[in-house]
Structures are given as C-alpha cells and as structure tokens.
Amino acid sequence: MATFFLYLLIVGTIVYFISKRKSPFSLRADRVLSSESKSKELGFQGDSREIWGQVYETASMDEARSIRTRLEEENIDCILYKQGKKDIHGDLLKGVGVAVPGTATSRAQASIAKMPV
C-alpha cells in the first residue's frame, strides 16, 4: 500500500510540473507582448510589426537629426540608423538613414521635399 502512495505521489508531482511549464508558443507570445509594451513606453504609436522603409540618407548625423525633428513635428514616427553594410571593397559605409513606417512613407517624403536645402 505504501508503494502505491509513493507512485501516486511521483505521478502527481510530474503532472504538476508539466502543467506549470510554459509552452514555447506562450513564451513567444510573452516576448511579443513585452516588445509591444516596451515600444509603447518609448513613445512609439504604431504597430511594431509594421514594415519600415528608408526615406532619406545622408552622411551627416546633424542633418539626419534635423530631418527626424521635422518628421516628429508632423507626428510621423521615424528612426535613425547607421549603415551596417560594407561596400564591395570591404569599406564601411558612412551613411545615416532615416526610416518611417510603410504607411507614412509618402507623407514623410513630401515633408522632406518641402524642407529648405
């Protein structure tokens, strides 16, 4: 009889730990939710899974910051990024890109075109 209770205790413990373990799908969902909440905390307004497109490229970080300021004044989300690729000779690219969500591409390009040179 004691053996039966021991086996029952072992099986119960295994079932308990299996039920408490998170599945890989729920872990992935938690990561997506945490990244969306993090982007909301940083002030991002749109869908973080949206495709972004480059609308401007420059060699000057100051010029890129002025473009970003102008776009933010018009309530267009944007990011600045440094080129991470290398050219055909292996030299690093020196450009800074400005990217916006795909839905705001035309508005951003129109706004940049209106800027004085």
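This passage describes the surface and the core of one protein model. The model is predicted.

The surface carries a nonpolar patch. L6, Y7, L9, I10, I14 and I18 form this patch. Together they have about 640 Å² of accessible area. One member, I18, lies in helix 1, which covers residues 2-20. The relative accessibility of I18 is 56%, so I18 counts as exposed.

Aromatic pairs were sought across the whole structure, and two were found. In one pair, the rings of Y16 and F17 have their centres 5.4 Å apart. Their planes stand at 70°, so this pair is edge-to-face; the cut-off for that class is over 60 degrees. The two residues fall into separate classes of exposure. Y16 has a relative accessible area of 46% and is therefore partly exposed. F17 reaches 54% relative accessibility, so F17 counts as exposed. The boundary for exposed residues is over 50%.

Nonpolar side chains also gather in a core. In soluble globular proteins, such side chains tend to be buried together. The largest nonpolar core here has 13 residues. Within this core, V55, I67, L71, I76, V98, V100 and A108 touch the most other members. Helix 3 (61-73), strand 3 (96-101) and helix 4 (105-114) each supply at least two residues of the core.

V98 shows these contacts in detail. Residues up to four places away in sequence are not counted here. V98 then touches G53, Q54, V55 and Y56. Its other contacts are A64, I67, L71, C78, I79, L80 and Y81. Among the residues touched by V98, V55, I67 and L71 also belong to the core.

How values were computed:
Residues numbered from 1 in each chain as written. Predicted model: local features only at pLDDT ≥ 70, side-chain atom pairs only at ≥ 80, totals over all residues. Heavy atoms only, no water. Patch = residues over 30% accessible without salt bridge, like charges linked within 9 Å, V, L, I, M, F, W, Y side chains within 5 Å. Areas by Shrake-Rupley, 256 points an atom, 1.4 Å probe, with all protein chains shown as cover. Salt bridge = Lys/Arg side-chain N within 4 Å of Asp/Glu carboxyl O. Helix = DSSP H or I, 4+ residues; strand = E, 2+ residues; numbered from the N terminus. Buried < 20%, exposed > 50% of the residue type's maximum accessible area, 1.4 Å probe, protein only. Phe/Tyr/Trp six-rings, centres within 6.5 Å; stacked < 30°, edge-to-face > 60°. Core = buried A, V, L, I, M, F, W, Y, C linked by side-chain atoms within 4.5 Å. Contact = heavy atoms within 4.5 Å.
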